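Thanks for making time for this one. I would like to go slowly through a few local features, so please keep the structure in view while I talk.

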Amino acid sequence: MRDATRLAHPPQVTPAPSVSPPLYQTSTFHLGLDGDDRFDYSRSGNPTREVLEQQIAQLERGTRCFAFTSGMAALAAVTRQVPAGSEIVAGADGYGGTYRLLTRILPRHHVRVSFVDLCDLDATRAAIGPHTALVLLETPTNPTLSVVDVAAVCRIAHAAGAKVAVDGSLASPLVFRPLALGADYAVHSATKVLCGHSDVTGGVVTVADPALEEPLYLTQNGEGTALAPFDAWLLLRGLKTLALRTARQDASAARVAGWLREHPAVRQVSWPGFPDHRGAAVHARQCASPGSVLSFRTGDPDFSLRFARATQLFSTTVSFGAVSSSVTLPYRTSHAAMGGEGPPADLVRLSVGIEDPDDLLDDLARALSA
Ligand SMILES: *Cc1c(COP(=O)(O)O)cnc(C)c1O
């Protein structure tokens with residue numbers, strides 16, 4: 001082989017099994033051409049992505065997981081399972097990007113969407129009709145931390161012949177397993193808690209009914225929205241510390257939530273760990289931790305803005321669930337797409353990271369007096 005040829009055909013090295021999952025950063029695989037090659041093209045299948053999908057499927061206690069380029073791609077893939085002419089019933093309170101998908105993209109696919117307060121089970125029962133193919137719920141909701149009773153909504157939806165998808169991005173499958181509560185699709189923005197390091201955009205959908213696997217795979221492969229190998233590899237690295245990260249973050253969030261509640265400039269701290277939170281009992285039944293995200297109001301949008309800008313350790317970023325704490329005003333950022341339908345302008349959302357909690361409280365105290 002001459003140099004130019006060798007450069008285009010690097011040697012194959014087969015090591016002993018590596019401790020870190022190998023990164024198969026390749027679009028194509030050598031084929032036996034006998035029709036039973038396990039991997040041929042990374043859009044259709046990639047070993048690094050498959051390791052990630054198996055890890056998540058196992059965590060969710062599902063049969064199969066599919067990893068996508070973002071949480072929105074994961075949610076879009078779920079909405080693709082709904083036939084044209086049918087209807088999706090979605091929670092009125094939820095992520096702004098999901099609202100945009102439901103109100104601006106799905107009508108193009110001739111799918112109708114209606115919104116209802118899914119915390120109100122009578123209203124939910126009334127909203128589900130003969131054409132409802134899917135109920136899409138978030139719990140706890142982003143950013144107001146309302147809690148939806150997954151098992152109860154599943155019973156109502158299934159009785160009407162509809163499937164249920166649960167976006168559990170605010171929790172992790174270590175503590176919250178919607179499939180065991182009856183959900184058909186467990187969805188996460190992997191960008192948030194699962195990644196934990198603010199360096200990957202990704203999304204996952206897990207199912208426990210083998211009949212749902214093939215149609216979802218068709219969407220992932222046919223629309224080309226599968227997660228890239230390097231992003232899958234980074235997510236696998238982040239997942240190794242999921243249990244440690246979330247234990248620390250959730251414990252610190254409990255301190256932050258309790259401290260904020262005593263502060264005179266703060267009102268209505270919403271965190272499902274407070275016994276007087278409207279959804280506390282339901283949350284405790286279905287999720288093993290109140291989580292590391294909380295929101296509160298101040299009564300004054302300008303004060304909320306000054307506070308968010310004055311924090312130093314809580315960086316003003318969208319997203320949540322990462323090792324570094326963050327603060328955001330959803331009305332101006334993640335939920336701006338919702339306009340007047342969105343969260344109140346004075347609502348502040350905090351995500352608590354792994355920093356020393358005393359430093360976090362100092363930062364909040366300083367910013368609240370600014
Ligand atoms: C962030 C988020 C999404 C979207 O995920 P991306 O990875 O940003 O596409 C969906 N649902 C919820 C609840 C989220 O917080």
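Let me begin with helix α3, residues 71–79, and helix α4, residues 96–105, which in this predicted model pack at an angle of about 35°, with their axes 11 Å apart. As you follow the pair on the screen, you will see that α3 passes α4 in a right-handed crossing. On the α3 side the contact is made by Met-72, Leu-75, Ala-76 and Thr-79, and these meet Gly-97, Thr-98, Leu-101 and Leu-102 of α4. Sorted by class, that contact has 5 nonpolar and 3 polar residues, with no charged residues among them.

Helix α3 also brings us to the ligand, since the largest share of the shell around the ligand, 3 residues, comes from α3. Which residues come nearest to the ligand? Of the 14 residues around it, the nearest are Gly-71, Asp-167, Ser-189, Thr-191 and Lys-192. If we divide the shell by class, there are 4 nonpolar, 7 polar and 3 charged residues.

For the individual polar distances, let me take the backbone first: an oxygen atom of the ligand is 2.8 Å from a polar backbone atom of Gly-71, and an oxygen atom of the ligand is likewise found 2.9 Å from a polar backbone atom of Met-72, a residue that we have already met in the contact between α3 and α4. A side chain takes part as well, in that an N or O atom in the side chain of Asn-142 is 3.0 Å from an oxygen atom of the ligand. As for coverage, on its own the ligand has 380 Å² of accessible area, and the protein covers 93% of that.

Please stay with Asn-142 for a moment, because the peptide bond that joins Asn-142 and Pro-143 is cis, with omega about 10°. Pro-143 is found in the loop between β4 and α6, and Pro-140 lies in that loop too, between β4 (132–138) and α6 (150–159). The bond leading into Pro-140, from Thr-139, is also cis, and its omega is near -15°.

Another backbone point concerns Gln-268, a residue other than glycine whose phi is nevertheless positive, near 45°. Gln-268 has its place in strand β8, residues 267–270.

Finally, let us turn to another helix pair, namely α9, residues 242–262, and α12, residues 357–368, which pack at an angle of about 35°, with their axes 10 Å apart. Their crossing is right-handed. From α9 the contact draws on Arg-248, Ser-252, Arg-255, Val-256, Trp-259 and Leu-260, while α12 supplies Pro-357, Asp-358, Leu-361, Leu-364, Ala-365 and Leu-368. How many residues of each class does the contact of α9 with α12 have? There are 8 nonpolar, 1 polar and 3 charged residues, whereas the contact of α3 with α4 has no charged residues.

Notes
Residues numbered from 1 in each chain as written. Predicted model: local features only at pLDDT ≥ 70, side-chain atom pairs only at ≥ 80, totals over all residues. Heavy atoms only, no water. Axes fitted to C-alpha atoms, helices over the stretch in contact; angles between N-to-C directions. Helix = DSSP H or I, 4+ residues; strand = E, 2+ residues; numbered from the N terminus. Left-handed = near helix turned anticlockwise from the far one by under 90°. Contact = heavy atoms within 4.5 Å. Nonpolar A, V, L, I, M, F, W, Y, C, P; charged D, E, K, R; others polar. Near = heavy atom within 4 Å. Polar contact = N/O pair within 3.5 Å; in protein donor to acceptor, adjacent residues only side chain to side chain. Areas by Shrake-Rupley, 256 points an atom, 1.4 Å probe, with all protein chains shown as cover.
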